[in-house]
Amino acid sequence: MTRTSVSGEKGKIMTNLLILTVGTGTAGAHSDLASGLCRTLELLAPRKFWLIPSSSPDSLAIADLIAEGQAAFAGRFPLEHPDDLECSRQHIRTVISRVRKQVKKEERLLVNPTSGTKQMTAAATLAALDEQIGDIVFTTGERSDGVVKTGTERMTFFNPAGYFLERDMALAREFFNAGDFYAAERILKPYNVTSTKEYTTAYTCHHWRRFDYDRAKTYDKALENRSPRDIVADILAWSDHALRHDDPDGSFRLTYKALEHAARLFLEEKTGLNPDANGRYKAADIAGLRTTFVPEGRNREITLGLQNIVKILNDLGHPFGTGFDRKVKDFCDIRNDATHDLRPVSKKEAQDFLHLARARIGITPTPIPESL
């Protein structure tokens, strides 16, 4: 038998492994099932092939007839319940899982579900999609007596790439809308060429929410060189996002972080002082402001927490400091309790804290993508 192969990309000749379902067929004046399936093997010329007949004597006999004299025949896996769709699907999935271990580099595993009961055909197609087989191939041609006429057989390939893209895009949107950007990014990574916008949006949001600007700016140049005011706006946006995605604890932490960054921003704008890369200020510079806050100890550099910066800004008459009232301080105490103890934050607490913080900070949150 002359061996031919299916051409791959750029004309490269590829060998195949083949799984072929086998029914009982309807013989006629111009056709018979065994001849048709043998012709299928001639056209596809697999390196190895496996047969999945039903357990009926007729189907097993046809499988034996097809396999006879075929050096590429590697075995058969009879179906006990060919009229049961789910049993057939699970059986064929198991076969595919076993066979795919023998696929070599640059080979393709093909599934031909043309023959068999309607349940077998449907089950083989579903199983191939479940296992993400690269190609499903059908034997087609001129029909006579309800089957393809012998000698007219040709192969019709179904590439499930479009099906997988549609399925994965829907799943990625579900994850994205639920706030799980990492899962959405992972699902879309294989499609980052054909679905660049969706993939890059998920990738950007995943790293942006972590404030990993070095990675986030890879696909969004607007995230380059974020100013302190931009960062406060980002933090407020992600706090609101967490609140809307059933994460009041995350929202509460981010709101507190927004207050901290806003306090440093306003201190810099008011005094020209800003911390070094490690968040430390020169003690002499802070003492030189002549406020009621006096640095303790003899360290030349000090860190300033939110409460100390608020105290300084209050003494300097900055609105952020003077407006930092008891309500805001109480919420900050809740944050400290939640940080050091098992103290979940309620949704209302997170909402009220964010509302107060936004009013005290006075910076509009950054617009962030709401969907892919």
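**Packing in a predicted model**

Student: Is A127 buried or exposed?
Tutor: Happy to start there: in this predicted model, A127 has a relative accessible area of 0%. The cut-off for buried is under 20%, so A127 counts as buried.

Student: Which residues does A127 touch, leaving out those up to four places away in sequence?
Tutor: Good follow-up! A127 lies in helix 4, residues 118-130. I92 is 35 residues away from A127 in sequence, yet their C-alpha atoms are 6.1 Å apart in space. I92 is among the residues that A127 touches, and the full set is R89, I92, R93 and I96.

Student: How are helix 9 and helix 10 oriented, roughly parallel or roughly antiparallel?
Tutor: The axes of helix 9 (residues 228-244) and helix 10 (residues 248-271) come within 8 Å and cross at roughly 165°. Angles over 145 degrees fall in one class, so helix 9 and helix 10 are roughly antiparallel.

Student: How many nonpolar residues are in that contact of helix 9 with helix 10?
Tutor: Helix 9 contributes residues including I235, L236 and W238, while helix 10 supplies, among others, L254, A258 and F266. By class, the contact has five polar and three charged residues, and its nonpolar residues number 13.

Student: Which residue of strand 4 is the bridge partner of L18?
Tutor: Let's place L18 within strand 3, residues 16-22, where seven of seven residues are buried. L18 is on one side with N16, L20 and V22, and L17, I19 and T21 are on the other. Strand 3 runs parallel to strand 4 (residues 48-53), joined by six bridges. In strand 4, the partner of L18 is F49.

Terms used:
Residues numbered from 1 in each chain as written. Predicted model: local features only at pLDDT ≥ 70, side-chain atom pairs only at ≥ 80, totals over all residues. Heavy atoms only, no water. Helix = DSSP H or I, 4+ residues; strand = E, 2+ residues; numbered from the N terminus. Buried < 20%, exposed > 50% of the residue type's maximum accessible area, 1.4 Å probe, protein only. Contact = heavy atoms within 4.5 Å. Axes fitted to C-alpha atoms, helices over the stretch in contact; angles between N-to-C directions. Parallel < 35°, antiparallel > 145°, perpendicular 65-115°, else oblique. Nonpolar A, V, L, I, M, F, W, Y, C, P; charged D, E, K, R; others polar. Pairing = 2+ DSSP bridges.
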